[in-house]
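Hi,

Here is the structure I promised to pass on. Have a look at it first, and my notes follow underneath.

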Amino acid sequence: TETEVNAAIAAAVPAPVVSTTAKVGGTGGGAYDLPCPAGAVAVGLRGRVATFEIPGINVVSVACRVVVKGRVVVSLGASSDTDDTGGAQGGGAFNLICPSGSIMTGVSGMTRNVFGGFATVVTDLTVHCANIGTGEASSVGPVHGVANTPFALTCAAGSHVVGIGPASGDQLLDSLRLKCST
């Protein structure tokens, strides 16, 4: 039966390995951990861009989709969003969502010094994606404020984003790190 085949496939596939990328941004803010639910992958980021000292990203959450494994095909099922990083809820909303059938593999953007150089925050984001069937790469974004130092965070080959962290303040996204899984 299909249930038996799927069980055999699941038993033959090793458990996913979760790793993290380097962290970009500053040292301020409170810690956050926004993982996708078990069995789900990131397909993008949602949030808000507002002006505090500078235009910047002040709230972010992860858009997740469940991975559906069939006998031959892997597809994306139900969607959900993680909690957000908190912070002020003002500003304009953004949705950086991968094209249909694609999952998030990385993010690039910019950081900027604020408060007279006292702190560094993430101010610009572009989501990088790969189609789960063809591997074709695509990007969505950017969404941005005012930025000046570029960064790129990418999961290792054969892995994808399953969450983000580590710190956000009351007004701006202080730092960012990707959680990746095979």
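Ile57 is buried, with a relative accessible area of 0% (buried is under 20%, exposed over 50% and partly exposed in between, using a 1.4 Å probe and protein chains only). Ile57 belongs to strand 6, residues 55–69 (strands are DSSP runs of E with at least two residues, helices are runs of H or I with at least four, and both are numbered from the N terminus). Not counting neighbours within four places in sequence, Ile57 touches Arg48, Val49, Phe94, Val122, Thr123, Asp124, Leu125, Val143, Leu172 and Leu173 (a contact is heavy atoms within 4.5 Å). Its C-alpha atom is also 8.4 Å from that of Gln171, although the two residues are 114 apart along the chain.

Before you go further: this is a predicted model, so to speak of a local feature I needed pLDDT of at least 70, and for side-chain atom pairs 80 or more, while totals for chains, interfaces and linings use all residues. Numbering starts from 1 along each chain as its sequence is written, and side-chain values use heavy atoms, with hydrogens and water left out.

The overall picture: the protein chain has one helix and 14 strands. Of its 182 residues, 42% count as buried. Among contacts with a separation of 6 or more, 66% are between residues 24 or more positions apart. The chain exposes about 8700 Å², and carbon and sulfur atoms supply 56% of that (areas are Shrake-Rupley with a 1.4 Å probe, and for residues only the protein chains shown count as cover).

Now the part I spent most time on. Four strands make an open sheet in the order 11-10-9-12, with antiparallel pairing (two strands pair if DSSP finds at least two bridges between them). Strand 11 and strand 12 (149–154) are the edges, each pairing on one side only. Neighbouring strands in this sheet are turned by 25° against each other on average, direction ignored (axes are lines fitted to C-alpha atoms, for helices over the stretch in contact, and angles between N-to-C directions run from 0 to 180 degrees).

Strand 10 (residues 119–131) is mostly covered, with 10 of its 13 residues buried. On one side, 12 bridges join strand 10 to strand 9 (residues 102–114), running antiparallel. Gly106 sits opposite His128 there, and Val107 has Val127 as its bridge partner. These two strands form a hairpin with four residues between them, and Phe115 in the turn has a positive phi of about 55°.

Strand 10 also pairs with strand 11 (residues 137–144), again antiparallel, over six bridges. Val127 turns up here too, with Val140 as its bridge partner in strand 11. This pair is a hairpin as well, with five residues in between, and Gly135 in the turn has a positive phi of about 80°.

What about charged pairs? The count comes to one salt bridge (a side-chain nitrogen of Lys or Arg within 4 Å of a carboxyl oxygen of Asp or Glu). It joins the side chains of Lys179 and Asp33 at 2.5 Å, N to O. Lys179 is in strand 14 (residues 175–181) and Asp33 is in the loop between strand 3 (30–31) and strand 4 (34–35), so the pair ties together parts that are 146 residues apart in sequence. Both ends are partly exposed: Lys179 has a relative accessible area of 23% and Asp33 one of 45%.

Cheers
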